[in-house]
Amino acid sequence: MEYILKNGVVFDPKNDIDGEQMDIFIKDNVIVDKVSSKAKKLDVSGKLVMPGGVDLHSHIAGPKLSIGRLYRPEDIRKGIKPASKNDISGFEAGFSLPTCPTIGYRYTKMGYTTVTEAAVPPLEAKHAHEEINSIPNLDIPTLTLFGNNWFMLKYVKEKRFDDLKVFISKWLKLAKGYGIKIVNPCGSEAWGWGKNVDGLDDPEPHWGVTGREVIQALTEVNEKLGLPHSVHVHTNDLGHPGNYATTLETFDCVKHIKKNENVDRNQIMHCTHVQFHAYKGTSWRDVSSGASELIDYINKNDHLTCDVGQITFDETTTMTADAPMEYDLFRLTGLKWANKDIEVETASGLIPSIYSSHAPVSVLQWAVGLEFFMGVKDPWKIVLTTDSPNGGPFIRYPRIISWLMSQEKLQDMLDNEVHNWATNRTDLGTYDREYSWNEIATITRAGPAKILGLTDRGHLGVGAKADVSVYDIDVDKFDCTLKSNSETLENKLLNSKYTIKDGEILVKDGNIVKLVNSNHIWCNVLGLENEEKVLIDRIKPEFNKYYTIKYENYGVNDHYIQPDTRMDVNYGGEL
Amino acid sequence: MIEKPITDYDEEVRNCSCSYCGNNCDDITYLLKDKKIVGVRHACRIGASKIINDQDQRLLNPLVRNDEGILEETTWDVALDKTARLLYESDRPVLYGWGETSVEAIKKGIKIAEKTGAVMDNQSTICHGSSIQAFQNVGHPVMTLGEVKNRADVVVYVGTNPMDDHPRHLSRYTTFPEGFFRKNGRKDRTVITLDPKYTNTAKVSDEWIQFNMNEDYLLFDALRMLLKGESLDEEEIAGVPTSQLENLIQIMKNAEYGALFFGLGVSQTLGKQKNVDMLIQLVEDLNRYSKWSMLPMRGFFNVSGFNIALTSETGYPYGVDFSRGYPRFMVGETTTIDLLNRREPDFFMAISADPGVQFPGYTIKHLINIPTIQIDTHWGPYTELADIVLPSTRVGVETEGTAYRMDSIPLFMKKVIDKPENCHSDEWILTQLYERIEILKQEEDN
Amino acid sequence: MKVMVNTGTSVIQAFYEKKGSTLKDEYRQSAAVAFMDLKDMQKLSLKSRDKIKIKSEWGEVVLYVDISYDAPHEGMVFIPRGPWANIIISPETYCCNVPTYKGIPAEIFKTDEDVLLVSQLMNKVYNKYNLDDDKLTDKPVYKKRMI
């Protein structure tokens, strides 16, 4: 099939196209420079055209979601919507915990085509992949949790970095994972005993290993293997006043590590939802923003990128492998607490969270998130996320965009809506930045694609994947800086005019017109097969002793990943 | 029932997943001769009986009741067409069961339920549904079983008797095996059973605490009070000497890692979900002092998988009513027993479940008055009440598919031997039904 | 004698149920049994494998009796779950979907009546198809298809 998107106003930051009125040509599943006369014309004159959205950190599939839905029917009830009349998409259900089909519908309607599931324990990876099969219309890479894995801890403790490298290479294949996720390294293992670690250099009680050692070792391994994405780090001390110092140390602790030469990305570490890691003070009474120091570091250094984890003033559900933090929240709020410890690998926790614009702490967190958007100068280093659903559900991205594009709106919120901690305890009031469409396209498309190492998307150059979103926004006429337009802007971004994925129209005029199976994206390291076999033969007895399922039944087989995109990575050997 | 070891076999298939209980032991070896299973290694007695199974009651062909009320063999086309039409034309259909089939089949069932406005429900509705309600009330602090094996020094069983229901629970997961931090296995652990009965589990425990039937709530509440340092004036609570409870709470408080398992003894007795509420809150409180987590002892090998699949697709764990076209879940309203007790359904299909074994007689009586369909592998009590019987295959033996263990670990179950010729997998049967219902709908629309 | 009834899984009943042998005598022998405290049995002069009729608000059924190894628990009777136990348990869910399988007040009497096989029991209690009891046995009753 061939299409011409006629006369749209195109924002494609990677190819330096900044609001140019032009045609986009699509043949089959890629962008091309010309099409035949048979091509179907879609008139999008003057409308906003961007590459398909790329989310690099969201929680959309796997055990945490299941627990959340199981124990929060009140959230499911909030998002009920009967099936569409066209008999293509089904009903929707859930707000912060949408059902799998609902996740696909809502992301597609927002113009997103790639969404990363950010935390999958290998033992339950089949679960995540099975859920991905129920989410329509997206490309989904999954990040595999390694930051508290016992084999990893053992290799780090014994400084067996070659074994660690082979282990990671093999485990990504077993979990059909895309990259390395580290969550509260050593802290979630300490939670096995009801404890946590305090900062980057507090050794885990049994293993004697620190977060610093884990992050450094896994970053080294990531670069040796040359994985397309860097390590993806949720630093220690999430949500604790005073934690910005730990975050700063974490930023700096990998600076000396050499980036693999073959990768496209610039960073060697991606720090996720930095908003939650940027507080000064010693308690929730004297807490204040620590964003400025972190922003300053990010602006001065090029080895790291981050996403925000913006708060959106909703009743949502928090979920993380940082289980001790969730218990702290339970002690703080008394809301119903869920926890799931996963043998040999990780822990996880959930708790509902009510972020209110009248609650001082919520407002501080909201303002800290916005400080990052405002303060980080290079939009390629920062990505729009809410750590969905932790800061708020992903359907709030358009609302955040409406805040970023209008100082009038933001000022109005500061003056009339939110608690005064936003101005008293953060520097948000000192910024007057307004995002352009080009910058929005960077923080929602080009940037995250580059950071993930997915070079075929996030842009509209010839040969790119034909993932395109078009919104019913007349770029030259519609003034995004007006407060009075912010609601309209949000609605238009929630309901795309067209969402095209792999050259197929999935959304037209805000309605889903086609459903396709989501694609499982995973990383396959080539060149270490023999080493992997030797390692497995060696550790299988230990595996079978300490896990409660057999090694033979552990991996995700092909049954669960139809269709998939295997990204082969050639291991280059020691340099 | 002492059986001789099997020596006459020509093939071994290792690491199969058992299709009996929520333990989902995945270390089972099937012994085959001439492509038939003749023996099973590592499985418990019940698991082995399920895998080898009785062939004289195997359902081998579709059956439909004739005018005399006798089931008569028929073709798949006839049986499927009849079923599809009955389902399509009903106003309040219930699709019940699912505990012993694959997630793949369950997902097909959900599609049918959505299409026909049916109620989709599973055995949670008669077993741990009340536990799920309690999770929804107060919280859900759980773990995988390996956490218990590797860390637990205190294991508490409340109102459950795994030695009979989940025979390898203690030997494979919680009590006897060597764990990473419990090198001496059983010797490194204290096992306590709370039960009105002196069960086989109580017999292998270090301590049995006998309490009065229907006084669970009182007992757990007293434990919470003791944990918080309150003193109790009564000398006896729920039939247990207060000093014994004080001792118990000390052991629990001082555990390095404690695991609590509870069963239908808590969720089915008076108080039901409120008993579990209290137990969950006890575990939450204990985490102030130590590390504790808990797990319900789920019965069927995929009863947990149903809850997961249904939440993935509809948001709710069981008892989902599609009569308005979108899912609704209201305990006591959209749940099978309540619906049948109110005499509401006008169509009932059981898939890999036997309501004749599971439901109260009063509830079953409604099935006399409505069309009843059975999709299962064996002739059972429910067959005696079924109007149409669709013979299916055994997951993990004749058909592959996914199941979730009681702790929600997913397992891929293998196909090892061929199915009986004229049987079909649940997934196939449901796909066929779905297609026929679509045709009926199109015919009506035209 | 007034008792409190408890139902649940027993390893032998589950064995025959999972094996798929529910029509057979083995299943009846394992599931149509009231397990009692020895002292209670003595009060009614019952020996193992004698028969009792048990009545609750919801129905009555004839069962074998046997000594409970889960005793001591005078006044308590355990019946493995199954078609026999179902007849006397309470369908009451108290609006929370789970019927009351445990803690059912009931009364027991010694009897000489027969303990029925599954097929006979289902026909007698529910009588959906008005079948002739004598034809119902421990084997499936159905018509083969003429080919």
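This passage walks through chain B and the ways it meets its neighbours. The model is a predicted one, so every value here is computed from predicted coordinates.

Let's start with chain B on its own. Its fold is built from 17 helices and 22 strands. The radius of gyration comes out at 23 Å, close to the 22 Å that the globule rule gives for 446 residues, so chain B is as compact as a globular protein of that length. Stretched along its principal axes, the C-alpha trace spans about 70 × 55 × 35 Å. Burial is widespread in chain B: of its 446 residues, 64% count as buried. A lot of the contacts also link parts of the chain that are far apart in sequence. Taking contacts between residues at least 6 apart, 67% of them join residues at least 24 apart.

Next come the domains. Chain B splits into three pieces: domain 1 covers 11-52, domain 2 is made of two segments, 63-127 and 301-445, and domain 3 runs over 129-296. Between the C-alpha centres of domain 2 and domain 3 of chain B there are 34 Å. These two domains of chain B do touch, with 11 residues of domain 2 meeting nine residues of domain 3. On the domain 2 side of that meeting place, six residues are nonpolar, four are polar and one is charged.

Now for the neighbours. Two pairs of chains are in contact, and it is chains B and C that share the most contacts. Chain A and chain C, on the other hand, do not touch, and their nearest C-alpha atoms sit 15 Å apart.

The contact between chains A and B can be looked at piece by piece. Chain B puts in 51 residues and chain A puts in 48. On the chain B side, the elements giving two or more residues include the helices α3 (103-116), α4 (129-138), α5 (145-151) and α13 (303-314), along with the strands β8 (139-143), β15 (291-296) and β22 (410-413). Sorted by class, the residues on this side of chain B are 21 nonpolar, 19 polar and 11 charged.

Strand β8 of chain B deserves a second look, as it pairs with a strand from the other chain. Its partner is β16 of chain A (residues 337-342), and the two run in the parallel sense over five bridges. One of the residues involved is Asn339(A), whose bridge partner in β8(B) is Pro141(B).

Conventions
Residues are numbered from 1 along each chain as its sequence is written. Chains are lettered from A and ligands numbered from 1 in the order in which they are written. This is a predicted model: local features need pLDDT of at least 70, side-chain atom pairs count only at pLDDT 80 or more; totals for chains, interfaces and linings use all residues. Two residues are in contact if their C-beta atoms, placed from the backbone, lie within 7 Å. Helices (H or I, at least four residues) and strands (E, at least two) are DSSP runs, numbered from the N terminus. Ala, Val, Leu, Ile, Met, Phe, Trp, Tyr, Cys and Pro count as nonpolar, Asp, Glu, Lys and Arg as charged, and the others, Gly among them, as polar. Two strands pair if DSSP finds at least two bridges between them. The radius of gyration is taken over C-alpha atoms; the globule rule is 2.2 Å times the number of residues to the power 0.38. A residue is buried if 20 or more other C-beta atoms lie within 10 Å of its own, exposed if 12 or fewer, and partly exposed in between; C-beta atoms are placed from the backbone. Domain bounds come from an automatic or database domain assignment.
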